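Here are some questions about how the descriptions of a binding site follow from the computed values. Each answer sets a value against the criterion behind it.

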Amino acid sequence: MSVNVNAYQQLKASLTAQGVTLLAVSKKKPIADIEALYQLGHRDFAENYVQELVEKQPQLPSDIRWYFIGHLQRNKVKYIAPFCTQIQSVDSLSLLQEINKQAQKCGRVIDVLLQVHIASEETKFGFDEQEVFSVLEQGSLFANVRIKGLMGMASFTENTDQVQREFSTLKSIFDRARQQFTELSLDTLSMGMSGDYPLALRWGSTMVRVGSLLFGARS
Ligand SMILES: *Cc1c(COP(=O)(O)O)cnc(C)c1O
């Protein structure tokens with residue numbers, strides 16, 4: 001088993017003191033690793049792939065809160081809608097509509113974040129700033145989704161100035177969205193991973209998504 005218990009306990013304590021939520025990103029990691037963190041009291045786990053999540057979820061305790069953070073195709077929403085706590089990777093209005101539809105079928109309200117494209121890399125998904133505001137304007141039309149905030153991934157680079165610029169951009173979009181859409185009670189800014197979470201915290205992250213620091217490198 002490869003869970004780094006010390007790293008977990010230190011990170012968890014420091015984030016709790018700052019009022020920041022820790023998501024343990026367990027993609028490509030075995031059930032035993034998730035159970036090890038569960039035994040330490042952890043409940044918030046994040047996965048990137050629908051099939052992997054759907055296989056793992058029934059094998060693990062039902063009080064785990066599952067967050068979906070990977071790119072999500074509309075035709076796969078139905079598989080995770082029955083149990084997923086939050087979908088952070090909403091990157092189109094049509095995906096939001098599909099989540100609403102599937103949540104309604106399950107008699108649930110699913111929390112979502114809008115993914116914002118802040119990195120310089122072309123490959124990262126997400127809305128631009130204008131699109132975020134246009135989706136938020138329609139946010140209250142969906143009875144079975146609750147938009148809780150924004151999620152973003154910074155560029156994968158050693159250039160910490162660039163990473164900070166990207167996090168500060170996301171933070172400023174978040175602040176303006178909160179001011180403009182008070183009726184939505186946006187309270188979650190999900191940014192920061194193993195390599196850049198200290199910078200994300202400096203720029204106002206309320207939720208970090210940490211995988212390799214807790215579980216070791218992924219193969
Ligand atoms: C894999 C992943 C993470 C965790 O990455 P680590 O570098 O292992 O901490 C966080 N967020 C997203 C969206 C991911 O895909």
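Q: What makes up the lining of the largest pocket, by class?
A: In this predicted model, the lining of the largest pocket has eleven nonpolar, 14 polar and six charged residues, where glycine is counted among the polar ones.

Q: Which residues lie nearest the centre of the largest pocket, and how many line it?
A: The largest pocket, which holds about 750 Å³ of space, is lined by 31 residues, and K124, M153, A154, F156 and M193 lie nearest its centre. Helix 7 (160–180) and strand 8 (207–210) are the elements that give two or more residues to this lining.

Q: Where is the ligand, and what makes that assignment hold?
A: The space taken by the ligand is the largest pocket; a molecule is assigned to a pocket if more than half of its atoms lie within 2 Å of the grid points, so the ligand meets that criterion.

Q: Why are K27, S194 and G211 said to make polar contacts with the ligand?
A: The cut-off for a pair of N or O atoms is 3.5 Å. A polar side-chain atom of K27 lies 2.8 Å from a ligand oxygen, an N or O atom in the side chain of S194 is 2.5 Å from a ligand oxygen, and a backbone N or O atom of G211 lies 2.8 Å from a ligand oxygen, so each pair is within 3.5 Å and counts as a polar contact. Taken alone the ligand exposes 390 Å², of which the protein buries 91%.

Q: What is the make-up of the shell around the ligand, by class?
A: This shell has five nonpolar, four polar and three charged residues, and among its members are V25, N48, I69 and R218.

Terms used: Residues are numbered from 1 along each chain as its sequence is written. This is a predicted model: local features need pLDDT of at least 70, side-chain atom pairs count only at pLDDT 80 or more; totals for chains, interfaces and linings use all residues. Side-chain values use heavy atoms; hydrogens and water are left out. A residue is near a molecule or strand if one of its heavy atoms lies within 4 Å of it. A polar contact is a pair of N or O atoms within 3.5 Å; within protein, one must be able to donate a hydrogen and the other to accept it, and residues adjacent in sequence count only if both atoms are side-chain atoms. Accessible areas come from the Shrake-Rupley method with a 1.4 Å probe; for residues, only the protein chains shown count as cover. On a 1 Å grid over the protein atoms alone, a cavity is a set of points where a 1.4 Å probe fits but cannot get out, and a pocket is an open set with protein on both sides within 12 Å along at least five of seven lines; lining residues have an atom within 4 Å of a point. Grid points are joined across faces, edges and corners, and a volume is the space filled by probe spheres set on the points. Helices (H or I, at least four residues) and strands (E, at least two) are DSSP runs, numbered from the N terminus.
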